[in-house]
Amino acid sequence: FPVTIGSYAEQYRPKHLEEVVGQDHIVSYLKNFIKNNKIPHMIFAGLPGTGKTTCALALARDLYGENWKNYFIEINASDDRSLAMIRSKVKEYAKQAILEKDFKIIFLDEADNLAKDAQPALRRIIERYSDRCRFIFSCDYPNRIIDAIKDRCAVFRFKAINSQDMKLLLEKISQKESIDITKDALMTLCVLSNGSMRRALNTLEKMKNGGITNINSEAVYDAMGYINDDDIRRLLISTKYRDWE
């Protein structure tokens, strides 16, 4: 099978809440929700690559066990943001009766892309089927979610993953994938990824598949399309001392 960019992000995605890095404050809440079997409707808000989808999937696995897919559906609102989608996919799944479990989970990814007329309809579905469904919404911009939905959810804000947490995970993956990367390059990758684990993993995979060996900071700058800080300093110095007139 051909290797596609993005497979590292899926291959090394944490399977359980215990494995999630960089979001300890949120993981603590989710673990206690499971422990007490009190799962509210939730909004996961934050920048891409910070673990919103990962936490939703890990929550489902930890809550339902090996048969978690029987009680969990993921719908991406960026694929279809219409009222018709809400009425067909979301409502039809919500109304289905379930056995053995108290409720199932509907995970609506990129919910801030929903059309304006779709959100009021979604609010009514939440009200009607809360006895058998829990809704988790992920979004980059929570201000685009109407108050009538936000008021019915526990809102969690995912922070950018700090460089140190990111570096520890990338070191393990680099060793497992036999990627020769310097410590400076690893830190450069973490900093330039700006808190997005997905961006860091995709860049690491891009360099590995691109045949780059002995990865240093310069290679990371090139792979991510950034200008090296040293090049900027040299440009500023040359500008200061050269007569441009």
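**Cysteines**

I looked up Cys133 and found it buried, with a relative accessible area of 0%. The model I am reading is a predicted one. Cys55 is buried too, and its relative accessible area is 0%. I then checked for disulfides, and the count comes to 0.

**The chain as a whole**

I listed the secondary structure and got 11 helices and 5 strands. The chain has 245 residues, and buried residues make up 45% of them. I noted an exposed area of about 13,800 Å² for the chain, with carbon and sulfur atoms supplying 49% of it. I also looked at contacts between residues at least 6 apart in sequence: 76% of these join residues at least 24 apart.

**Helix H5**

I turned to H5, which runs over residues 118–129. With 12 residues at 1.5 Å a residue, H5 should span 16 Å, and the C-alpha atoms at its ends are 17 Å apart, which agrees. Next I asked which residues of H5 are buried. They are Ala118, Gln119, Ala121, Leu122, Ile125, Ile126 and Tyr129. These buried residues cover an arc of only 155° around the axis, so they sit on the same side of H5. I then looked for what covers the buried residues of H5, and the cover includes two helices, H4 (83–95) and H6 (147–150), and two strands, S3 (104–109) and S4 (133–139).

**Ser138**

I stayed with strand S4, where Ser138 lies. Is Ser138 buried or exposed? Its relative accessibility is 0%, so Ser138 counts as buried. I looked for a polar partner and found that the side chain of Ser138 makes a polar contact with the side chain of Asp109, at 2.3 Å. Leaving out residues up to four places away in sequence, I recorded that Ser138 touches Phe44, Lys52 and a run of others: Phe107, Leu108, Asp109, Glu110, Ala111 and Asp112.

**Ile181**

My last entry is on a loop residue. Ile181 is in the loop between helix H7 (163–176) and helix H8 (183–192). I had to check the cut-off here: Ile181 has a relative accessible area of 13%, and buried means under 20%, so Ile181 counts as buried. I asked which residues Ile181 is in contact with, leaving aside neighbours within four places in sequence. They are Ser174, Leu186, Leu204 and Ile215. I also noted the distance from Ile181 to Ala219: the two are 38 residues apart along the chain, and their C-alpha atoms are separated by 9.7 Å.

Conventions. Residues numbered from 1 in each chain as written. Predicted model: local features only at pLDDT ≥ 70, side-chain atom pairs only at ≥ 80, totals over all residues. Heavy atoms only, no water. Helix = DSSP H or I, 4+ residues; strand = E, 2+ residues; numbered from the N terminus. Expected span 1.5 Å × (residues − 1). Buried < 20%, exposed > 50% of the residue type's maximum accessible area, 1.4 Å probe, protein only. Arc of directions from axis to C-beta. Contact = heavy atoms within 4.5 Å. Disulfide = S-S within 2.5 Å. Areas by Shrake-Rupley, 256 points an atom, 1.4 Å probe, with all protein chains shown as cover. Polar contact = N/O pair within 3.5 Å; in protein donor to acceptor, adjacent residues only side chain to side chain.
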